[in-house]
2 protein chains.
Amino acid sequence: MKPKDLIRKLKQGDVRAVARLLTLIENEDKAVESILKNIWPLTGNSYIIGITGPPGAGKSTLVDLLAKTAIENNLKIGILAVDPTSPFSGGAVLGDRLRMNSAQKSGIFIRSVASRGHLGGLTATTRFMINGLEMLGNDITLVETVGAGQGDVEIVKVADTTIVVEVPGLGDEVQAQKAGILEIGDILLVNKGDRPGADRLAKELKMMLSLGEHKEWTPPIITTTATKELGIEELWNQINNHKKYLENKEIDEIRLSKIKYDLENQLSQYLFTRKMIQIGENEIQNMAEKIFNREIDPFTAIEEMIKQ
Amino acid sequence: MKPKDLIRKLKQGDVRAVARLLTLIENEDKAVESILKNIWPLTGNSYIIGITGPPGAGKSTLVDLLAKTAIENNLKIGILAVDPTSPFSGGAVLGDRLRMNSAQKSGIFIRSVASRGHLGGLTATTRFMINGLEMLGNDITLVETVGAGQGDVEIVKVADTTIVVEVPGLGDEVQAQKAGILEIGDILLVNKGDRPGADRLAKELKMMLSLGEHKEWTPPIITTTATKELGIEELWNQINNHKKYLENKEIDEIRLSKIKYDLENQLSQYLFTRKMIQIGENEIQNMAEKIFNREIDPFTAIEEMIKQ
């Protein structure tokens with residue numbers, strides 16, 4: 001399909017066209033820029049919910065249940081699952097794509113994408129994919145990041161409401177991680193609530209919250225057992241509470257600061273790519289060899305490359 | 001202390017001077033560049049071992065035991081613990097610093113550092129800190145990354161030998177993570193070997209390895225119980241095997257490619273910082289607002305900023 005035709009179909013809300021655009025974004029196709037330029041004024045209209053947490057926390061089941069609840073409330077939903085892909089092979093995790101089948105039949109648009117490790121790329125790519133999904137007119141976009149660490153933090157830059165999922169039984173050192181995670185969660189969720197230690201975990205989270213910096217919005221701590229569909233209504237209510245809070249307060253400011261963050265990342269990537277083309281692969285290799293042999297230090301090397 | 005005095009003391013291998021330099025690097029002090037320029041020819045002489053894995057896997061205990069073994073083998077050792085710090089508060093995790101006390105008494109230099117989220121910064125910062133530690137004349141630098149995800153992958157860019165620690169009982173979805181982790185590990189380690197499921201985990205890892213791409217170096221799978229000091233000798237032997245393998249083969253090439261990666265990241269950061277100073281904070285804010293209001297798309301915004 002020509003970009004012109006794709007843009008036309010996107011503006012009609014065509015599902016196949018959206019799927020095609022997401023593939024183009026994933027593959028960093030050259031056509032993406034002109035397509036996104038064209039549809040830009042029509043994007044930005046969905047409420048974005050991020051779900052993050054360690055592997056095995058049951059995020060996928062939670063996403064399925066949230067999607068179901070959204071439909072029961074007559075809301076259109078799009079789902080983006082960011083995969084914990086090997087940084088080297090670049091392949092997506094097949095299991096996740098398969099899991100999505102049943103949901104897809106109910107008219108929800110679901111897409112699994114690989115999380116590549118490009119410089120400042122993941123957040124921007126995710127946001128463009130959300131913009132692509134929005135051409136379907138969805139009210140809510142659910143973004144699930146499978147995996148822990150850096151990706152967890154990145155999702156805050158994209159989501160309006162961030163749900164952090166924890167599960168009992170991951171050991172003491174998890175405390176350290178929780179400290180960071182508490183700060184990114186608008187809603188803290190203890191899943192697998194039927195397991196031993198769930199109550200204690202919820203209490204620990206509550207205590208840590210009380211020790212932390214006082215904020216205007218206090219993240220609620222919810223216990224769910226997704227496999228038995230327990231606690232989902234409470235989760236849904238709390239998402240709506242947070243949405244109302246944002247709408248009364250500062251949602252525009254927060255969204256603006258996220259756009260600024262993306263813009264800076266994209267600018268950084270643009271400048272680097274342009275300079276690399278200018279300097280050439282050989283010169284970078286040459287400088288790296290000099291640094292390795294201790295003939296030059298990295299700072300002087302950069303100064304020399306900038307001058308060129 | 002003036003940079004000139006600090007450089008002189010660093011060249012004498014003064015411990016306090018090294019501690020001071022590491023603090024300056026952590027704080028991104030302006031003096032860092034000139035200091036590192038001066039000591040650069042004297043750095044790069046330690047063998048770097050990275051230890052990574054999920055929270056609660058017992059990495060800290062393993063690091064302590066490896067340090068003990070190194071000393072028994074008359075090797076000088078430096079340890080750098082990269083903390084899973086909150087990206088927002090920037091504070092280091094206190095527990096880890098406290099834990100280090102006993103080891104510090106035995107003459108090992110240990111430093112916990114915060115892992116800030118700067119653009120392309122973590123790897124470069126870690127490497128500069130390793131270079132700082134090397135002024136003490138250590139034979140081995142152990143780098144422990146606490147936390148999982150992106151950081152795990154980054155450590156490969158720094159370490160000569162990467163040890164990936166797994167523990168039994170983290171659920172099925174961990175499979176997805178393991179797939180990526182297998183590719184970064186030179187040694188795969190199943191810790192908490194006295195727990196149920198340890199044998200099965202080791203077998204699973206072996207099976208996954210056999211399914212993966214065939215490589216010249218096949219990562220050995222070791223089972224340890226760090227709390228009982230079991231399996232540490234085997235781990236030490238395998239580290240030495242991998243070191244010999246690299247020395248016979250390609251260690252220079254691999255180290256060179258890592259330096260190149262760092263150089264590209266630093267160049268990227270330099271270009272971005274310079275452009276930001278040139279454009280000014282107001283203009284970035286202004287553009288972000290226009291994008292938010294859908295008056296301009298991000299690509300056209302970047303084109304306009306580049307022109308300025």
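Helices, in the sense used here, are DSSP runs of H or I with at least four residues, and they are numbered from the N terminus. With that in hand, the loop that holds Arg294(A) can be placed between helix H13 (281-292) and helix H14 (298-307) of chain A. The model is a predicted one, and Arg294(A) will return further on, after the general outline of chain A.

Chain A contains 14 helices and 7 strands, and 48% of its 308 residues count as buried. When contacts in chain A between residues at least 6 apart in sequence are considered, 74% of them join residues at least 24 apart.

A good place to enter chain A is strand E1, residues 47-52, where 6 of the 6 residues are buried, so that the strand is largely enclosed by the rest of the structure. Tyr47(A), Ile49(A) and Ile51(A) point one way from E1(A), while Ile48(A), Gly50(A) and Thr52(A) point the other way, and all are buried. E1(A) has pairing partners as well: 5 bridges join it to strand E4 (residues 140-145) of chain A, the two running parallel, and 4 bridges pair E1(A), again in the parallel sense, with strand E5 (residues 161-166) of chain A. Ile49(A) can serve as a landmark, since this residue stands opposite Leu142(A) in E4(A) and opposite Thr161(A) in E5(A).

From E1(A) the view can pass to helix H11 of chain A, because E1 is among the elements that cover the buried residues of H11(A), a list that also includes helix H4 (59-72), E5, strand E6 (187-190) and strand E7 (221-223) of chain A. Helix H11(A), residues 232-248, has 17 residues and reaches 24 Å from its first C-alpha to its last, which is close to the 24 Å expected at 1.5 Å a residue. Its buried residues are Ile232(A), Leu235(A), Gln238(A), Ile239(A) and His242(A). They cover an arc of only 120 degrees around the axis, and therefore lie on the same side of H11(A). On the face turned away from that buried side, H11(A) carries the exposed residues Glu233(A), Asn237(A), Lys244(A), Glu247(A) and Asn248(A).

Closer to the start of chain A, Ile35(A) is found in helix H3 (residues 32-39). Ile35(A) is buried, because 22 other C-beta atoms lie within 10 Å and the cut-off for a buried residue is 20 or more. Leaving aside residues up to four places away in sequence, Ile35(A) touches Pro3(A), Leu6(A), Ile7(A) and Leu21(A). The C-alpha atoms of Ile35(A) and Lys4(A) are separated by 8.0 Å, although these residues are 31 residues apart along the chain.

In chain B, the axes of helix H1 (residues 3-11) and helix H3 (residues 32-39) come within 10 Å and cross at roughly 35 degrees, and H1(B) passes H3(B) in a right-handed crossing. The contact is made by Pro3(B), Leu6(B), Ile7(B), Leu10(B) and Lys11(B) of H1(B) together with Ser34(B), Ile35(B), Asn38(B) and Ile39(B) of H3(B).

Two loop residues complete the tour. Arg294(A) has a phi near 60 degrees, a positive value in a residue other than glycine, and is partly exposed, with 13 other C-beta atoms within 10 Å. Lys192(B), in the loop between strand E6 (187-190) and helix H10 (198-211) of chain B, also has a positive phi near 60 degrees, but Lys192(B) is buried, with 24 other C-beta atoms within 10 Å.

Terms used:
Residues numbered from 1 in each chain as written. Chains lettered and ligands numbered in written order. Predicted model: local features only at pLDDT ≥ 70, side-chain atom pairs only at ≥ 80, totals over all residues. Buried ≥ 20, exposed ≤ 12 C-beta atoms within 10 Å, placed from the backbone. Pairing = 2+ DSSP bridges. Expected span 1.5 Å × (residues − 1). Arc of directions from axis to C-beta. Contact = placed C-beta atoms within 7 Å. Axes fitted to C-alpha atoms, helices over the stretch in contact; angles between N-to-C directions. Left-handed = near helix turned anticlockwise from the far one by under 90°.
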